[in-house]
Structures are given as C-alpha cells and as structure tokens.
Amino acid sequence: MSTHVFVNRLKCLLRDKETIFWTMLFPLLLAIFFNVAFANINSGEAFQAIGLAVVNNSSFQNDQALQTALTEASTGKQKLFELTLTSQDKAEQLLTEQKISGYLLIDKEPVLVVRKAGIRESIIKSFLDSYLQTMASVNTILQSKPKNPALLLNSVGQPQNYVTEVPGTTAEPNSILLFFYTLIAMACFYGGFWGMREVTDIQANLSPLAARINISPQHKLKTFLSSLSASLLIHFTEMLILLLFLRYVLQIEFGAKTGYVILTTALGSLAGISYGAFISALVKKSENVKVAILIGSTMFGSFFAGMMVQNIKYIVSQKFPLLAYINPVNLLTDAFYSLYYYDTLSRYVLNISLLGIMTIVFCLGTYVIIRGRKYASL
Amino acid sequence: MIVSVKNLVKRYDDILALDHLSLTVNDGEIFGLLGPNGSGKTTAINCILSLLKYDKGEIEIFGQSMRPEAYDVKRNIGVVMQNVAVYNELTVQENIDYFCGLYVPDKRLRKELVTEAIDFVGLHEFSSYYPKKLSGGLLRRLNIACGIAHKPKLIILDEPTVAVDPQSRNKILEGILELNKKGATIIYTSHYMEEVEQICSRIMIIDKGRAIATGTKEELKAMITMGEKITVESQRITETQLNQLRRLPSIVSADYKNKLLIIKSSKGSNNLETVLEFFKTENIQFGKIYSELPTLNDVFLEITGKQLRD
Ligand SMILES: Nc1ncnc2c1ncn2[C@@H]1O[C@H](COP(=O)(O)OP(=O)(O)OP(=O)(O)O)[C@@H](O)[C@H]1O
Ligand SMILES: [Mg+2]
C-alpha cells in the first residue's frame, strides 16, 4: 500500500466533480424526487385500496357469505378493496379504463376477471381463493353441525391476511420503502464510475496517464490497490451519507438491524466498484461506450428490481426467478428489503451470498485482465 | 553504453511496425530518432520501456536487460510521452509532485526537486493552475516537468514539441540541451529535421520500422551524392536548356517548376560557377539565386525516394 498514491488519489477523486455528481448528488436528487412524488401516498394509507367491481347479478344477490366477506374487506380504515357493484358491461368498461384492477362475476362459482398480472390482481385472486377455501371448510364443518357457525364466517374477509404477507417482525408493510432500497442499490452500482476510472488510470492501453504510471518504478498491482482503496473509501462514504440522508432527513425505515444495513451497503459499494472496473477492463471500446453500458445495465437492473414500476419486481420473481437471482441490483435491493421485513436472516444471507459471489467474479475477472504488465498495443 | 537494442521486431496484427531495429545510445549523447509519421518511433520507445510486447529482440538499459519489474533501471529513466499525461484534478505543482513521488519517496528532497522542475520549465507563476487553464505550449512544458523532475540519468522524449508555439518550442529545446549538459543521456524523437539537426549529437533515421542511416548530421550528409542545392528564380527555361544542364558534369539533377529552377550537384567546389557560366552562354535572365547545403530531408529523400515531411 502506497500512501503517496492513496493520498493523492483521494485528492484527485474528490475534485472529480462529474463522478461525484453521478455517484453522490444524482442519487440524493432522485431520493428527494421520490420523496416528493410519494408524499401523498405516504401520508395517506400505507396501502391503497384495490379497485374491485362485482357484477351485481342474481347469483351475487343470493350469495350472502360472499357479500359479507366483500363488505368486510371494503370498509374501515384498513380496507382492502374499493368496491363497486355494477353490471357486467360496466365492469368491463371500468377494467378497460383501469379504474379497477379486476371484477368478480358470480355464476355457479365466482370468476375473477383481470387484465394483467400484478400485485393488486394477485391480492384479489388470493382473497378469492382464500374465501373459496374457507367456504369449502365452512361447508364441511357446517355439515358436521358446529355450535357457533357465525364465528366461522367472520374469519372470511380479513384484509391484513393479504397485505401483511410477512411473518415475524413488527415492521409495517410500506411499498414505498422498496423504491428507496432500489435507489440505494442503484447508487451502489453507480460506484462503477469509480471502478471504471481506476482501471482506466492503471491500464496503459486505456490512458496515457496509466502509461506514465506503468513506466515508473512502482509495482502495478500495488499501485492499483492503493488507488482503488481511495475509490472504495470515497464511495462507501457517499453511500453512508445517502443512508443517513434517507434515514434521518426523509425518515425512511431500515429496520432494527443497523449493523447489517451498513454491512450490506459496504458490500454493495464494493460490488458496484468492482462491476465498473470489470466492465472497463473487459469491454474493448471507447470510454463513452463503457459509461453507456454501466448506466444502461444499472438502470435495467434497477427497473427489474422494481425502481420505476413496483409490480415488475413481483412479476420477475414469479415468472423469471432466475433473472431475480442474477440481477445484482435486485439482490442488493432484496437484501435491504429482507433485513427490514424478516426476523430471520435466511433470505438476506441468500441475497448477500449471491451478490458476494458476483463481486468475487468481477474482482477476479478484473485481476486476470489487468495483471499483465506489457501490452500488445497502446 | 546506456541503451542497447538488438534486432527488435514488433508486429501489430499484420502491420510490421519495427523490422529488426537495432540501436545503441552512448553515455552523454543526445540521440535523435528521426522518421516520418508512422515510421515506428513511438513503438520503438514503448518497446524499450517494456510497455509493449514485442515479437523478437533484446533490450538492455544501463547494462541490464529491461523488464517491467526492472525497478532499479526504471528509477533512473524519465519519459516524456507523445501524449500529454497529467491529472486534470491536480494543479501544476501537485502533478509534478505526484509523479516525482513515484520515484523519490523522501518528501523533503522531493519538494526541492519539484521547485527546481517548475523553474526549469518556466511554470513558476502557474504552479497553482489546473491543467485545463494552461495553453497548449504550457501544458507540454508541464508534461515535460512531470517526466524529468526526479533527475533521471536517461531521458526519453517522444515528439515533445508537436503542436507547440515557436516560443515554447525554443524553450523546450534549450531545456533539453541544458539537461544534457548536466549529465543526462537523451533520446529524442521527432519528425522535424530542423530540431534534430539543432540539438542531436547522433541521429538515426528510420522509415517503416527500419533504420536507414545512423551517424552525426555531418556523417549522414556525407552519405549522399548530393553536395549542394542551387535554387534559381527564372522566368523562362526551355526543355532543351534543362536537358543541357543535366548533362553538365557534377550536376545530379535539374528541375524547373513554378519559375524555380532547382539544381542538385554532387560534392566538390565550383558548382555555382558552372551553373552561372551556363546561364551566361545561354543568355538566360535570372532573379535571385542561392545555394544550400543538403538537409536531413535530402538525405531521407535520396535514400527512400520520398520526402521526410509532406
Ligand atoms: N495500437 C496500434 N495498433 C495497430 N497499429 C499501430 C498501433 N500503433 C501504431 N501502429 C502502427 O505502427 C506503425 C508505427 O507507428 P508509431 O506510432 O510507432 O509511429 P511514429 O513514428 O511514432 O509516428 P508519429 O510521428 O505519428 O508519432 C504505424 O504504421 C502505425 O499505424
Ligand atoms: Mg509517435
């Protein structure tokens, strides 16, 4: 470790306004933007009731149990559904106009009509499944003549059964948290800008500056590690500032496991920097192309981790579970998410292990490419 | 001997950039590597510095075989690359200190060296400037200071005057002579023959990766048949007269273009007299007339059949 290189590198990087902007100010600005955009949702109910229509035909009129269950689920402060009773044509129209997420048509059996597969649609579906299952049990039990059938019926329409899908912690479900967790993950991967610069400044075939370093009487990898340490320190500090800003200015919850949250951030920062370094070492294209790849892939990853459209994360984990596991932005997001929502660490450990493996791959890959000291061409 | 290169061959895919290039640089010399664009000067320098892989050849510096890990050798080399390589986020002084620090760990000694280097390139009043604020010429000077602040025994400069204003250029050339006087051996590449003639004690002319001639400028000029170039301004010269001229003894060539007659004669005296005699007998009117000794360009032209610079 060379202090001369480290100290000068710190000086250099701290004055690199453009990279500081992308790695620090940009995420902070996005955080503020998110916060403003979600202010209303946040101050209202934690959960926005799902628009649901029921075709008001004779079958529904006759189904007392379903009526009760739906009424239960669509009244009160914690209501699950915003219920509309209407004709089938009208329901179809509401669905097309996206005023509702789905409607129920009761024939012999209740049928759910939805347009897409998202969290809201799934909640209606699981409500219905749960209702049907309960009714089946109720019928069975009723046939065995219980003492208090009314009590049984009461258990049919409990909204928190569907929203509070997480066992254990006292944490409150807050869908907005996910946006901020993806934001941290994105910011960690924007640390790739630092990693990219490190490789550019040590590979003589990438910059004349690096050529100067390469002809000096210094060990290349030692110089690289000293220089890289400065990047790691700066980026980790940036991420801590982001965490503190989110926690204490925007009042975003991270749960009680502070130590783990910081550890996750540190690993995220390392993952991001090594990712950028790896791209820079691997891609034999211009600086602009590399930056485009870094921003593009991070945005892509953030999108599929649910940053822009939250349903995406859910859809991905249902339909393309592999994508959820190989998307490092999602792994990092999910690590924060599981620290907050779960008491047990198993899901967290899975995420962190996968992310750790990827980081090792990025580091090893970078090492293999940059360890050479002579170049085929400059 | 400071540098010895034997049979260096370097290929970039299908381009043969260096073709069995051999050279030696002796202690205290200013060794000039003169060649047109793309002749392989930078490639040769980068091979010597162990930056580039090469296909064949042996390179020794200070009597040791050169490798990337030859830190003792590298410690005594200073390089000024063709491309400016400085940190945009560090000031003039910080840049020099940083690069000097890669060679000289001792802070106190370094401080002196940095001040000396700044004075040497005349950047004193700009020492707290960031590179972006420097003009092209000043930036080149900073680039030089970064390469030589640690007082190396061997200094390699790869076209340090490209795109530099005449004032900075002179300052740079004077500086190189001064460094040499203080004991440094210098390798200087350029495609400006005037510069090379001005400062180099020995010159190698290269073309297409091959050494085509080596020696002092006098030795190089002695290698060619042309001894003198006579230029005559004249309104009219007929083709017959031109052919007659060419047939005169000691005249190597005669060309008439744009009202300028250029005659090249072989070595020996009385060449100008012969030409003037001819003009008198033919009754040719002429304006200015002047005679020049051959330049390195003429050397290059005669050996390769093309101009050093186009
Ligand atoms: N990285 C590279 N890849 C492929 N070919 C290269 C590369 N660098 C140089 N060359 C080729 O090798 C030959 C020598 O190039 P080099 O840069 O060494 O010449 P030079 O004498 O330094 O020229 P200049 O005066 O323009 O700096 C040229 O034909 C050039 O096109
Ligand atoms: Mg060159």
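**Figure 1. Ligand 1 lies between chains A and B of this predicted model**. Around ligand 1 there are 16 residues, and the closest are G38(B), T42(B), T43(B), Q82(B) and E159(B). By class, the residues of this shell comprise 5 nonpolar, 9 polar and 2 charged. Helix α1(B) supplies the largest share of the shell, 3 residues.

**Figure 2. Polar atoms of both chains approach ligand 1**. In the side chain of T43(B), an N or O atom is 2.4 Å from an oxygen atom of ligand 1. The side chain of E159(B) likewise places an N or O atom 2.7 Å from an oxygen atom of ligand 1. From chain A, a backbone N or O atom of L378(A) lies 3.2 Å from a nitrogen atom of the ligand. Ligand 1 taken alone exposes 630 Å², of which the protein buries 69%. Two elements of chain B, β2 (15–25) and α1 (41–48), give two or more residues each to the shell around ligand 1.

**Figure 3. A nonpolar patch lies on the surface of chain A**. The patch covers about 430 Å² and is made by F21(A), L25(A), L29(A), I32(A) and V36(A). F21(A) belongs to helix α2 (residues 17–37) of chain A. This residue counts as partly exposed because its relative accessibility is 31%.

**Figure 4. A salt bridge joins E92(A) and R115(A)**. The closest N and O atoms of the two residues are 2.5 Å apart. The pair links distant parts of the chain, 23 residues apart: E92(A) is in helix α6 (residues 88–96), whereas R115(A) is in the loop between β4 (110–114) and α7 (119–143). Are these partners buried or partly exposed? E92(A) is partly exposed, with a relative accessible area of 27%, and R115(A) is also partly exposed, at 49%.

**Figure 5. Two salt bridges are found in chain B**. Side chains of opposite charge can pair when their charged atoms come close. E195(B) and R169(B) meet in a salt bridge with an N to O distance of 3.4 Å. The former is in helix α7 (residues 193–199) and the latter in helix α6 (residues 166–181), 26 residues apart. E195(B) is buried because its relative accessible area is 2%. In the second salt bridge, the closest N and O atoms of K182(B) and E178(B) are 3.5 Å apart. K182(B) is exposed, with a relative accessible area of 61%, whereas E178(B) is partly exposed at 36%.

**Figure 6. Shared partners join salt bridges into one network**. The network comprises R9(A), D16(A), R197(A), E198(A), D201(A) and E89(B). Over all chains, the structure holds 20 salt bridges.

Key. Residues are numbered from 1 along each chain as its sequence is written. Chains are lettered from A and ligands numbered from 1 in the order in which they are written. This is a predicted model: local features need pLDDT of at least 70, side-chain atom pairs count only at pLDDT 80 or more; totals for chains, interfaces and linings use all residues. Side-chain values use heavy atoms; hydrogens and water are left out. A residue is near a molecule or strand if one of its heavy atoms lies within 4 Å of it. A polar contact is a pair of N or O atoms within 3.5 Å; within protein, one must be able to donate a hydrogen and the other to accept it, and residues adjacent in sequence count only if both atoms are side-chain atoms. Accessible areas come from the Shrake-Rupley method with a 1.4 Å probe; for residues, only the protein chains shown count as cover. Helices (H or I, at least four residues) and strands (E, at least two) are DSSP runs, numbered from the N terminus. Ala, Val, Leu, Ile, Met, Phe, Trp, Tyr, Cys and Pro count as nonpolar, Asp, Glu, Lys and Arg as charged, and the others, Gly among them, as polar. Patches are made of residues with over 30% relative accessible area and no salt bridge: like charges are joined within 9 Å, nonpolar side chains (Val, Leu, Ile, Met, Phe, Trp, Tyr) within 5 Å. A salt bridge is a side-chain nitrogen of Lys or Arg within 4 Å of a carboxyl oxygen of Asp or Glu. Buried means under 20% relative accessible area, exposed over 50%, partly exposed in between (1.4 Å probe, protein chains only).
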